[in-house]
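Biologist: Hello! I am new to this one, so could you walk me through it step by step?

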Amino acid sequence: MYLKRLSLVNFKNFSELDVTLSKGINCFVGDNGEGKTNLFDSIYYLSFCKSYFNPADSQNIRHHNDFFVIQGEFSKADQSEKIYCGLKRNHKKQFKRNGNEYQRLAEHIGLIPLVMVSPADAALIVDGSEERRKYINGVISQFDKLYLNNLIRYNKVLLQRNSLLKEFARNKRYDEEALDIWDQQLAELAGYIHNKRSGFINELLPIFQYYYDFIAAGHEKVDLIYQSQGIDTNWLEIIRNARQKDRILQHSTVGIHRDDLKLTLTGYPIKRQGSQGQQKTFLLALKLAQYDFLKTISKIKPMILLDDVFDKLDNRRVTQLIKLVSEEHFGQTFITDKSEQHLAGILAHIPIEHRVFRVNDGYITMIENGDQEN
Amino acid sequence: MNYNQYTSRLLERAVNEFAKLPGIGRKTALRLVLHLLKQPDEDVEIFSHSLTSLKKEIFHCAKCHNISDQEVCSICSNNKRDASLICVVENIRNVMAIEATQQFNGLYHVLGGVISPMDGIGPADLTMDSLVGRVSSEEVKEVILALSATMEGDTTNLFIYRKLGDFDINISTLARGVAIGDELEYTDEITLGRSILHRTPFRSSLNNS
Ligand SMILES: Nc1ncnc2c1ncn2[C@@H]1O[C@H](COP(=O)(O)OP(=O)(O)OP(=O)(O)O)[C@@H](O)[C@H]1O
Ligand SMILES: [Mg+2]
Ligand SMILES: [Zn+2]
């Protein structure tokens, strides 16, 4: 699967754009604030029906305009797929596949598998555990709808249980029987989710370590450790045991909503001990592992968007990364960089189709065409 | 047009009352009120009387809590119906929906909602005790749980199941699965997965539908 052609009208700082892309590597170079990340965001829209950065759709309309249009022509198993996303201010977002409008956006998700790697991913390392749970949930939900469904149920049960605890406090009462039914549901769902998560981390770990080792080309041992208050079978017991504490605090202190993923480098937390380049490599390896999962499920090579990945990586790691994404295993790739020097030097030694574009204040010009048919 | 400017306080008051009804905006309310104004006096009298007597004279069935003109509703007092079978539903509309299928010949029990602490609804706000009372005093053989397939519905099922656990009765729940007329490839994975797990013997699918 690859994006052949992208057209934009009034999307962020692009008034009009029509660009034909390489099915190999597409490099976008340009100074700060010229529109490289915006361009990636428009591609992200075509896959996920929303922005990677800004949940308020209308703020992505170019200032002083009333609508935006993103159109992509994809080639999927030699079939053309035309995806249209249009937004008029104060109107519903329109999403079409080959001219037919979707009734539900959820139907579209999954058609165009894509992995975005962005500096914003740093939150995974530096922010609280919620970010890491979001990452795990996001990847598992992509291939397991029952997991997603049970996760939503779990969150509802949790809200209800917390409401009940607050009501107990407000009315100075306590009703074990009423709590029982919520505890039982919470425990059952927690057991299921716990099982899935630990299974997933076990599968992810070797892939993640493989990618980290490849890019770092060294002997740094990285690890992902799933941390949870329970094991898959004892949730009811530990939730029950927390009742008195929960009563006092008026919320549920035990459950898979407290899970975390410990990220370590040579046994120490990467957040404190890892250098900036090591952290960047760590995130890259996580995203690449996610890529592998997505590829296995969708049975096609997803697109991968690498925004600002070279920042903070040394030359050796950059070269390793480009080598990696040039391999047969990966599909169409998008990369941004401040200038073309860096990329040109590396691409000169790797036989892969590629194009280099300069991004300049919402306009794009091709400065190198390394496609084979030319 | 500005609907806040009425030339009559009486008109405005009537519009306000109609606009309180679900699904009725001020525009529709005004149209309804103007329509009533044009009708003969007797008709409007009948209309308003039907509303006052509805509220004053209607009963909730002492047994099943369904709406009724007598103390015990026409379903509960119909001796052709199977009193050993109780179908537990959330509200009166659910009774009407199941009655419309003409497939059920037992009695009902209207719970009045489902347990939801977020909405301030606990077991005590529902007719839970009265259900337990019926099961312990009547000749009940089976209780069918017909609540919504939501998390709150399931939780309420669980609560009832525990409450009735000590009685020697069958407790069943509605089958959940692929809807009639649904093409399999368009059925969502969760429903389909559940239908596979809770598949039924083919023989039993032959004669009832
Ligand atoms: N809705 C919008 N309308 C017009 N311009 C916008 C809109 N949203 C963002 N921009 C502009 O887009 C620019 C930022 O573009 P972008 O983030 O793509 O830059 P970049 O090329 O990725 O830069 P960097 O190298 O710093 O990451 C800013 O100048 C911003 O004003
Ligand atoms: Mg950027
Ligand atoms: Zn009755």
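Biologist: In what order do the six strands of the open sheet in chain A lie?

Modeller: Keep in mind that this is a predicted model. The sheet is open and its pairing is mixed. Neighbouring strands are turned against each other by 20° on average, direction ignored. Read across the sheet, the order is 8-12-13-3-14-15.

Biologist: Which strands of chain A stand at the edges of that sheet?

Modeller: Look for strands with a single partner strand, so that one side of each is left without a neighbour in the sheet. In chain A these are residues 114–117 and residues 363–369, that is, strand 8 and strand 15.

Biologist: Do strand 3 and strand 13 of chain A pair in the parallel or antiparallel sense, and what is the bridge partner of C27(A)?

Modeller: In general, strands of a sheet pair through backbone hydrogen bonds, either parallel or antiparallel. Here strand 3 (residues 25–29) and strand 13 (residues 333–337) of chain A are joined over five bridges, in the parallel sense. Within strand 13 of chain A, the bridge partner of C27(A) is I335(A).

Biologist: At what angle does helix 9 of chain A run to strand 8?

Modeller: Helix 9 of chain A covers residues 276–298 and lies across strand 8 and strand 12 (303–306). Its angle to strand 8 of chain A is about 175°.

Biologist: Why is chain A said to be as compact as a globular protein of its length?

Modeller: Chain A holds eleven helices and 15 strands. For its 374 residues the globule rule gives 21 Å, and the radius of gyration is close to that, so the chain is as compact as a globular protein of that length. The radius of gyration itself is 23 Å.

Biologist: What share of the residues of chain A count as buried?

Modeller: A residue is buried if 20 or more other C-beta atoms lie within 10 Å of its own. Of the 374 residues of chain A, the share that passes is 37%.

Biologist: Which helix of chain A gives the most to the shell around ligand 1?

Modeller: There are 17 residues around ligand 1, and N13(A), N32(A), K36(A), T37(A) and N38(A) come nearest. The shell divides into two nonpolar, ten polar and five charged residues. Three residues of the shell come from residues 36–48 of chain A, the stretch that forms helix 1.

Biologist: How many buried residues does helix 4 of chain B have?

Modeller: Helix 4 of chain B spans residues 92–101, and just after it Q102(B) takes a positive phi of about 55°. The helix is hardly covered: among its ten residues, the count of buried ones is one.

How values were computed
Residues are numbered from 1 along each chain as its sequence is written. Chains are lettered from A and ligands numbered from 1 in the order in which they are written. This is a predicted model: local features need pLDDT of at least 70, side-chain atom pairs count only at pLDDT 80 or more; totals for chains, interfaces and linings use all residues. A residue is buried if 20 or more other C-beta atoms lie within 10 Å of its own, exposed if 12 or fewer, and partly exposed in between; C-beta atoms are placed from the backbone. Helices (H or I, at least four residues) and strands (E, at least two) are DSSP runs, numbered from the N terminus. A residue is near a molecule or strand if its C-beta atom, placed from the backbone, lies within 6 Å of it. Ala, Val, Leu, Ile, Met, Phe, Trp, Tyr, Cys and Pro count as nonpolar, Asp, Glu, Lys and Arg as charged, and the others, Gly among them, as polar. The radius of gyration is taken over C-alpha atoms; the globule rule is 2.2 Å times the number of residues to the power 0.38. Two strands pair if DSSP finds at least two bridges between them. Axes are lines fitted to C-alpha atoms, for helices over the stretch in contact, and angles run from 0 to 180 degrees between N-to-C directions. Two residues are in contact if their C-beta atoms, placed from the backbone, lie within 7 Å.
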